[in-house]
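Please walk through the model below in the order of the paragraphs that follow, keeping the sequence and the coordinates in view as each group of residues is taken up.

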Amino acid sequence: MRTILNVLWFIFGSGFLLALAYAFAGVLCFIFIVTIPFGVASFRLARYALWPFGYTITEKPSAGVASTIANVVWLIIAGWWLALTHIVTGIAQCLTIIGIPFGIANFKLVPAALWPLGREITAIP
């Protein structure tokens with residue numbers, strides 16, 4: 001079932017476009033040398049946005065104060081509008097019965113869009 005949902009998400013649920021947007025943001029972050037940690041987080045989000053079903057976001061126990069400070073900067077610069085985009089898209093997708101799983105997948109992306117550093121994406125057994 002996860003495979004079917006991931007394929008449908010990729011085609012109809014904007015998974016490809018989200019992954020492309022996150023990857024583009026990651027490339028831009030790598031161009032500006034100072035923002036490389038944000039680029040790594042953006043590529044991680046791109047992978048998660050590409051195939052969200054069967055994965056979850058967990059806290060990384062080794063995350064420290066530096067990731068918290070970087071997350072605050074991320075939240076101010078990019079996190080709030082990315083999260084708002086996922087919320088609006090999720091609500092729109094939940095208006096139809098077929099779109100409810102895709103809306104839930106968008107809602108799963110909200111915490112990662114707000115606070116991406118210090119988290120990791122793990123497979124659900």
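Taking a disulfide as a pair of cysteine sulfur atoms within 2.5 Å, the count for this structure is zero. The model is a predicted one, in which local features need pLDDT of at least 70 and side-chain atom pairs count only at pLDDT 80 or more, while totals for chains, interfaces and linings use all residues. Residues are numbered from 1 along each chain as its sequence is written, and side-chain values use heavy atoms, with hydrogens and water left out.

Two cysteines can be described by their accessibility, for which buried means under 20% relative accessible area, exposed means over 50%, and partly exposed is what lies in between (1.4 Å probe, protein chains only). Cysteine 29 is buried because its relative accessibility is 14%, whereas cysteine 94, at 29%, falls into the partly exposed class.

The secondary-structure elements named from here on are DSSP runs numbered from the N terminus, helices being H or I runs of at least four residues and strands being E runs of at least two. Helix H1 covers residues 2-11 and includes asparagine 6, a residue that counts as buried because its relative accessibility is 8%. If contact is taken as heavy atoms within 4.5 Å, and residues up to four places away in sequence are not counted, asparagine 6 touches Trp51, Pro52 and Phe53.

Helix H1 also takes part in the aromatic pairing. Rings of Phe, Tyr and Trp (its six-membered ring) pair if their centres lie within 6.5 Å, with planes under 30 degrees apart counted as stacked, over 60 as edge-to-face and the rest as tilted, and by this rule the structure holds seven aromatic pairs. In one of them, the rings of tryptophan 9 and phenylalanine 102 have centres 6.0 Å apart and planes at 45°, so the pair is tilted. This pair links distant parts of the chain, since tryptophan 9 belongs to helix H1 and phenylalanine 102 to helix H5 (residues 100-114), 93 residues apart. Both partners are buried, tryptophan 9 because its relative accessibility is 0% and phenylalanine 102 because its value is 8%. Ring pairs also join Trp9, Phe53 and Phe102 into a cluster.

Which residues does asparagine 106 touch, not counting residues up to four places away in sequence? This residue of helix H5 touches Trp9, Leu18, His86, Thr89, Gly90 and Gln93, and asparagine 106 is buried, with a relative accessible area of 1%. One of those partners, glycine 90, lies in helix H4 (residues 65-93) and is buried because its relative accessible area is 0%. Seen from glycine 90, and leaving aside neighbours within four places in sequence, the contacts are Gly103, Asn106 and Phe107. By way of contrast in position, the C-alpha atoms of glycine 90 and serine 42 are separated by 20 Å, the two residues being 48 places apart along the chain.

Alanine 70 is another residue of helix H4, and its relative accessibility of 18% is why alanine 70 counts as buried. Outside its neighbours within four places in sequence, alanine 70 is in contact with Phe38 and Leu117. The C-alpha atoms of alanine 70 and isoleucine 31, which are 39 residues apart along the chain, are separated by 18 Å.

Isoleucine 31 leads on to the surface, where Phe24, Val27, Leu28, Phe30, Ile31, Phe32, Val40 and Phe43 make a nonpolar patch of about 740 Å². The elements giving two or more residues to this patch are helix H2 (15-31) and helix H3 (36-50), and the largest share, five residues, comes from H2. Patches are built from residues with over 30% relative accessible area and no salt bridge, like charges being joined within 9 Å and nonpolar side chains (Val, Leu, Ile, Met, Phe, Trp, Tyr) within 5 Å; the areas come from the Shrake-Rupley method with a 1.4 Å probe, and for residues only the protein chains shown count as cover. Leucine 28, for example, is placed in helix H2 and is partly exposed, with a relative accessible area of 34%.

Charge pairing remains. Side chains of opposite charge can pair when their charged atoms come close. With a salt bridge defined as a side-chain nitrogen of Lys or Arg within 4 Å of a carboxyl oxygen of Asp or Glu, the structure holds one. Its partners are arginine 119 and glutamate 59, whose closest N and O atoms are 3.5 Å apart. Arginine 119 lies in strand S2 (residues 119-123) and glutamate 59 in strand S1 (residues 55-59), so the pair ties together parts that are 60 residues apart in sequence. Arginine 119 is buried at 16% relative accessibility, whereas glutamate 59 is exposed at 54%.
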